[in-house]
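User: I've got this model open and would like a close look at one part of it. Could you walk me through chain by chain detail where it helps?

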Amino acid sequence: MKRVLLYFSIGILFGITMIKSEAASWFRIYEMFQFKSFHMYGIIGAAVALGVIITQSIKRFKLRSFFGEEIQIPSKTKLVKAPLFGGVIFGLGWALTGACPGPIYVLIGAGYFPLLIVLVSALLGTYCYGVLKPRLPH
Amino acid sequence: MAPVYKYFFNLILIQYVFIYLSEIFLFMNFISEPWPWYIGGPAIAVVLFLLLFSEKQFGMSSNLRTLCAMAGAGKKTVFFNFDWRQYRWNLIVAIGAAVGGLIAANFMTDGSVGAIHQDVVLQLDSMGVYGAGENYMPETFFSADAFSNPKTLALLALGGFLVGFGTRYAGGCTSGHAISGLSNLQLQSLFAVIGFFIGGLLMNHFLLPYLL
């Protein structure tokens with residue numbers, strides 16, 4: 001139960017951050033792809049810069065979690081085609097709807113209910129990938 | 001000597017009260033106004049930190065796979081044939097995210113949004129997308145009217161499908177690849193982010209003008 005509350009609180013912080021930083025804003029994402037504002041690049045850049053420090057410190061100093069275990073950071077498999085092709089497909093959808101998978105939930109909560117359509121079709125897209133996976137280049 | 005000393009003491013006290021009040025005022029602005037990038041970016045890093053120290057990963061798109069598995073897609077497709085219960089924590093994060101969105105949009109805003117570059121505002125106006133720099137989201141797509149507009153519905157459905165298909169194919173989205181993956185210095189996350197931008201720029205510059 002304590003852990004459920006922990007994950008729930010982290011989610012709330014994430015949701016507030018997405019709305020308040022405007023990372024979930026369609027306009028901001030449009031502006032980013034037009035290279036007319038530093039805002040989104042600043043957000044991602046600052047998050048990654050601090051993220052590198054956090055992640056590399058965990059690995060270097062073998063830091064322990066809140067629950068006392070050594071933190072494991074799984075390395076993803078060394079693929080080239082899948083992240084590139086999949087990335088392009090996601091990018092097309094991202095620039096069209098302005099929705100990454102995280103902000104979909106955030107924006108529905110914020111009351112932008114047409115995102116429910118995006119969520120349902122994203123589930124359908126994920127399902128289609130699962131079915132087609134054996135036939136796609138990875 | 002004593003009265004002079006007291007006089008200075010009072011002056012300093014008044015000054016401190018003033019500074020304290022103005023700080024509360026600044027904090028109130030911080031709650032109600034949009035955050036600049038140097039607050040938003042580090043806040044995302046805090047989310048990453050909290051999840052890693054809870055022995056979990058920051059990646060929102062895997063929830064879509066978990067939801068498919070929950071709905072029983074594993075019976076027919078190997079990709080969804082796993083014990084989704086071990087990923088319940090991430091669904092709780094997603095529910096929290098929705099609640100966070102509700103809180104921020106209703107109780108932490110004075111209705112103002114960050115300025116959007118004037119060129120972008122004019123460009124969007126000419127494309128029939130109004131409200132840049134005034135509303136948080138374009139009403140054309142994200143107000144309740146969207147449900148009765150077949151073209152908008154089709155665009156939202158198409159975009160959602162691409163997001164769902166693409167993130168799973170790539171093995172992550174902006175959180176899983178761009179934040180977690182790049183922080184872990186993974187080369188494939190860099191390929192994914194390059195892919196995100198190729199796709200995003202294609203849509204933004206060459207396809208959106210025809211689709212809208």
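How much area does chain A expose, and what share of it do carbon and sulfur atoms supply?

Analyst: Bear in mind that this is a predicted model. On your question, chain A exposes about 5900 Å², and 68% of that is supplied by carbon and sulfur atoms.

Let's stay with chain A and see how it is put together. Chain A has 6 helices and 0 strands, so along the sequence the pattern simply reads α-α-α-α-α-α. Put a box around the C-alpha atoms of chain A, along the principal axes, and you get roughly 40 × 40 × 35 Å. Of the 138 residues in chain A, 57% are buried. As for how the chain meets itself, take the contacts between residues at least 6 apart in sequence: 38% of these join residues at least 24 apart. Then there are the charges: chain A carries 14 positive and 4 negative ones, and the mean positions of the two sets are 9 Å apart.

Now for the empty space, where chain B comes in. There are 2 cavities of 30 Å³ or more. The largest cavity holds about 200 Å³ and has 17 residues in its lining. Nearest its centre you'll find A:M18 and A:C100 from one chain, with B:I44, B:T174 and B:S175 from the other. In terms of helices, α1 (2-20), α3 (39-60) and α5 (101-109) of chain A each give at least two residues to that lining, and so does α8 (174-183) of chain B.

Helix α1 of chain A turns up again at the second largest pocket, where α1 and α4 (88-107) of chain B each supply at least two lining residues. That pocket has about 230 Å³ of space. Its lining runs to 18 residues, and the ones nearest the centre are A:I19, B:T109, B:S112, B:V113 and B:Y136.

One last stop, over in chain B: B:T152 sits in helix α7, which covers residues 150-170. Is B:T152 buried or exposed? Its relative accessibility is 5%, so B:T152 counts as buried, the cut-off for that being under 20%. Setting aside neighbours within four places in sequence, B:T152 is in contact with B:T140, B:F141 and B:A146.

Note on methods
Residues numbered from 1 in each chain as written. Chains lettered and ligands numbered in written order. Predicted model: local features only at pLDDT ≥ 70, side-chain atom pairs only at ≥ 80, totals over all residues. Heavy atoms only, no water. Helix = DSSP H or I, 4+ residues; strand = E, 2+ residues; numbered from the N terminus. Buried < 20%, exposed > 50% of the residue type's maximum accessible area, 1.4 Å probe, protein only. Contact = heavy atoms within 4.5 Å. Areas by Shrake-Rupley, 256 points an atom, 1.4 Å probe, with all protein chains shown as cover. Lys, Arg positive; Asp, Glu negative; His and termini not counted. Charge placed at Lys NZ, Arg CZ, Asp CG, Glu CD. 1 Å grid on protein atoms, 1.4 Å probe; cavity = no way out; pocket = protein on both sides within 12 Å on 5 of 7 lines; lining within 4 Å. Points joined across faces, edges and corners; volume = space filled by probe spheres on them.
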